[in-house]
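Trainee: I should like to learn how the local features of a model are read. Where should we begin?

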Amino acid sequence: MSRLRGLLTHPLGKFLLVATTTIGALGLIAFTIAYIHFARLVEEKLAEGPIEETARLFAAPSRLLTGDEVTAEEIIEELERAGYSQLQDNPIGWYRAQDGMIEIHPGRASYLRGEDARIVIRGGRVAEIRSLPAGEVREVYYLEPQLVTHLSGRNRDKRRLVKFEQLPKHLVDAILAAEDKRFFQHAGFDPIRVLKAAWVNLREERIAQGASTLTMQLAGDLWLDRSERSWKRKLAEAIVTLHLERKLTKQQIFEYYVNNIYLGRLGSFNIRGFGEAARAYFNKDIRDLTLAEAALLAGLPRGPSYYNPFRHPDRAKARRDWVLEQMLENEMISEEEYWRAVQSPLGVVPGSVDAGDAPYFVDLVIQWLRKNLPGHSFDSSGYRVYTTLDMNLQHAAVEAVQVGMRQLDERCRRMGRTPEKGWPPLQVALVALDPRTGAVKALVGGRSYAESQLNRALALRQPGSVFKPFVYAAAINTALEPGAQVFTPISKLIDEPRTFWFDGKPYEPAAYRNQYYGEVTLRFALAKSLNVATVWLAEQVGYDRIVELARKAGLDHNLQPTPAVALGAYDATPLQVAGAYTVFANRGIAAQPYFVNRVVDESGKTVYKTEPKTWRVLDERVASIMVDLMQEVIRSGTGARVRSMGFDLPAAGKTGTSRDGWFAGFTTELLCVVWVGYDDHRDIDMEGAQSALPIWTEFMKRAHQFREYRRARPFELAEGVVVVDVDPVTGRLAAPGCPGQPVREVFIAGTQPLETCPTALAQVSGWEAELPSEASPSVAQKPKRRLVQVKPTKPQPTPPPPPKKKGFLQRLLDMFR
């Protein structure tokens, strides 16, 4: 003590004491100033929301009808996925379930606010729907839309926000084991971990282990530039960490962390947060992650690119197994759980971003928002955009495309069309919509959004024979035009080599495989997609009438009234074709495709609401007959493979082949168009029945298993359409003794044949009628008509009229000329 007193009384000691006190005071002042500065930054960001809030895109509400097959558990699962719970203060909504009865109460932030209802389930079906509190019986109810995605912000970050309560326990444990196992015990800094990291780094003579806690990582990510390596940034990180630990609960800090951490990149987007990562890597809701999947995601923050499971599966598995080992050592899982998890495959789903977020559809919505609501900011505000998307159908579309493209890739390989030989991959587009309203329910714009963001659903391509129904519709419509030559399904068309002259120029359409059928019926020509017969029909009807009809239906891109228009030579997009086909599926009424139902701003005010746009294009009777003819395509024509692939619901459609492959078709509940082709317009050298039709069929089989689409029913004939039995040989009314087997045929009332066949014809010796097959009952054919195989030679031009016949005297005089 005496020495200490002596030192303090010594001039040097006094100086050191003053200097130390001054430095300490200055340091405390500097720390206080820095703390106040960073505390203010933290407070400001917490007040506005530390994570950038962008607009949220929701799917369409799902429909529930009395009589639908569904269980109470399925409804509850759907409600919970949309954010409902049993807590009455839930802003989205809450439910109460008891003995097959579910009360649904949408909250203040619900799309269905005020639509409270009680659903009663008996025997696996909806027995009753009643509005609450009035108790009125209703036939239909809509369930809360599910979140599709958050719009990417300025940095193209994809994020799916989750609450701490939504995190499965094994995911929380996995993150703690991998990043900060004492997170819930320390106050932002882990001294034990600091000492351990220092020892390991000293022993390894390199930075082998870090000591950052979850709070420190969050502080660096949200408030600081983590790329900066300096003592100033470390000091700032410490200050922000202290303030966060004082200001927030541990659960809040953990929630911010799991929603913000960078977990890799897919395509052109950054994956932010575990909610988005669960969807991107596994196409799952975060609540459905298995232990092994949770461990894989928990291992990504250390090096998202290095441990990317798509590019480096071995590294990803090793990292996952290390996380599981840490969980076992910390008694978070049992040995049995550990061994079961390490033996499981990675389970990542290629193309998950396509299935989960519907990226091509989302891009379309973004483009629409920017064009139609330019005064609103969707990149950094809490708008809610309610779309037309059906998530079940979107998943079905992606799966159908993946199945179909694998088959086509194998076919291309057998054809020698491989990347090694300079061939690009085939591409695809699929559009599915509600034929009554035009609401787009599913959309795929390519085989992989990660590889290419070009949306082929908007690409202009030649539609080929999927355009032909508009030619035949214009022909059937002649029944309603005074003075016009009337065409019916049994009208005779000419299918033989021919040159058509237009504007002084020849047009020579070729037949598929150079097969010609001679004289055929209109029904047969459409079912078999006969080119020459179709152009001949278009010439008779008038090219201008066909163009006018197609334009009314929405196919208005540079259509010209030429012979080539009959065979789909003028470009259209798959989305335009889908919209135009609503004319047939919707009893003559066109429905304009749309993507957005409603837009709600941060305050809950509706700033936009869609009114479906529809208009009549065809008389209902004409549309009804066209549907019947297009059913023939699937029964016995070029679309017959639909049935052989196992889709047996009533359906109508049309194949198309240009350089690309097409199939467009519909049921009473759903319309779908599929396109397959090369981006550089190379010829795929495959029919639409071989390329696009299998994908269409795969999708429609999956789609009609869902509750909303199970009720597909037979198409009803319009009032004013009559059905009569026709003799296929003579084209007259069938009667006993007619040479052919009677077949059913449809007509606009007044255009059906009125005379029966002359029964004497059946007695003529040597006549043997070539009867149509059961699948094609209305094909009127000539007796003993045979298929003509034509050599691939150039068809001869239509000959000029024959000269007037010369008399004997004139011929005699000509000999002396």
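Mentor: Let us begin with accessibility. A residue is buried under 20% relative accessible area, exposed over 50%, and partly exposed in between. At 23% relative accessibility, N514 therefore counts as partly exposed. Please bear in mind that this is a predicted model.

Trainee: What sign does phi have at N514, and where is N514 placed?

Mentor: The phi of N514 is positive, about 55 degrees, although the residue is not a glycine. N514 belongs to the loop between β17 (505-507) and β18 (515-516). N283, likewise not a glycine, also has a positive phi of about 55 degrees. The loop between α9 (274-282) and α10 holds N283, and its relative accessible area of 22% makes N283 partly exposed.

Trainee: Which peptide bond is cis?

Mentor: The bond from L132 to P133 is cis, with omega near 0 degrees. P133 is located in the loop between β6 (125-131) and β7 (140-143).

Trainee: How should one approach the interior?

Mentor: In soluble globular proteins, nonpolar side chains tend to be buried together. Here the largest nonpolar core has 102 residues, among which L493, Y581, F584 and F666 touch the most other members. Leaving aside residues up to four places away in sequence, F666 touches partners including Y581, F584, V627, M630, W696 and F715. A second, separate core comprises 51 residues, including F183, A277, A298 and V323.

Trainee: How many residues of helix α8 are buried, and which ones are they?

Mentor: In α8 (residues 250-260), 8 of the 11 residues are buried, so the helix is largely enclosed by the rest of the structure. The buried residues are K250, I253, F254, E255, Y257, V258, N259 and N260. F254 also takes part in an aromatic cluster with F164, F183 and F184.

Trainee: How many aromatic pairs does the structure hold, and how is the geometry of a pair read?

Mentor: There are 22 aromatic pairs. One reads the distance between ring centres together with the angle between planes. Y111 and Y386 form a tilted pair, at 4.4 Å centre to centre and with 50 degrees between the planes. Y111 lies in the loop between β4 (101-106) and β5 (117-122), and Y386 in strand β12 (residues 384-387), so the pair ties together parts that are 275 residues apart in sequence. Both Y111 and Y386 are buried. For Y338 and W339, the centres are 5.2 Å apart and the planes stand at 70 degrees, so this pair is edge-to-face. Y338 is buried at 12% relative accessibility, whereas W339, with a relative accessible area of 48%, is partly exposed.

Trainee: Which residue lies over the face of Y306, and which charged end sits over the ring of W423?

Mentor: R315 lies over the face of Y306, at 4.1 Å from the ring centre. Over the ring of W423 sits the charged end of R682, 4.9 Å from the centre.

Trainee: How is the packing of two helices described?

Mentor: Two packed helices are described by the angle between their axes and the distance between the axes. The axes of α4 (residues 169-179) and α10 (residues 291-298) come within 9 Å and cross at roughly 35 degrees. This crossing of α4 and α10 is right-handed. H170, L171, A174, I175, A178 and E179 of α4 make the contact with L291, A294, A295 and A298 of α10. A298 is also included in the second core of 51 residues.

Key
Residues are numbered from 1 along each chain as its sequence is written. This is a predicted model: local features need pLDDT of at least 70, side-chain atom pairs count only at pLDDT 80 or more; totals for chains, interfaces and linings use all residues. Side-chain values use heavy atoms; hydrogens and water are left out. A nonpolar core is a set of buried Ala, Val, Leu, Ile, Met, Phe, Trp, Tyr and Cys residues joined through side-chain atoms within 4.5 Å. Buried means under 20% relative accessible area, exposed over 50%, partly exposed in between (1.4 Å probe, protein chains only). Contact means heavy atoms within 4.5 Å. Helices (H or I, at least four residues) and strands (E, at least two) are DSSP runs, numbered from the N terminus. Rings of Phe, Tyr and Trp (its six-membered ring) pair if their centres lie within 6.5 Å; planes under 30 degrees apart count as stacked, over 60 as edge-to-face and the rest as tilted. A charge sits over a ring if NZ of Lys or CZ of Arg is within 6 Å of the ring centre and within 35 degrees of the ring normal. Axes are lines fitted to C-alpha atoms, for helices over the stretch in contact, and angles run from 0 to 180 degrees between N-to-C directions. A crossing is left-handed if the near helix is turned anticlockwise from the far one by less than a right angle, and right-handed if clockwise.
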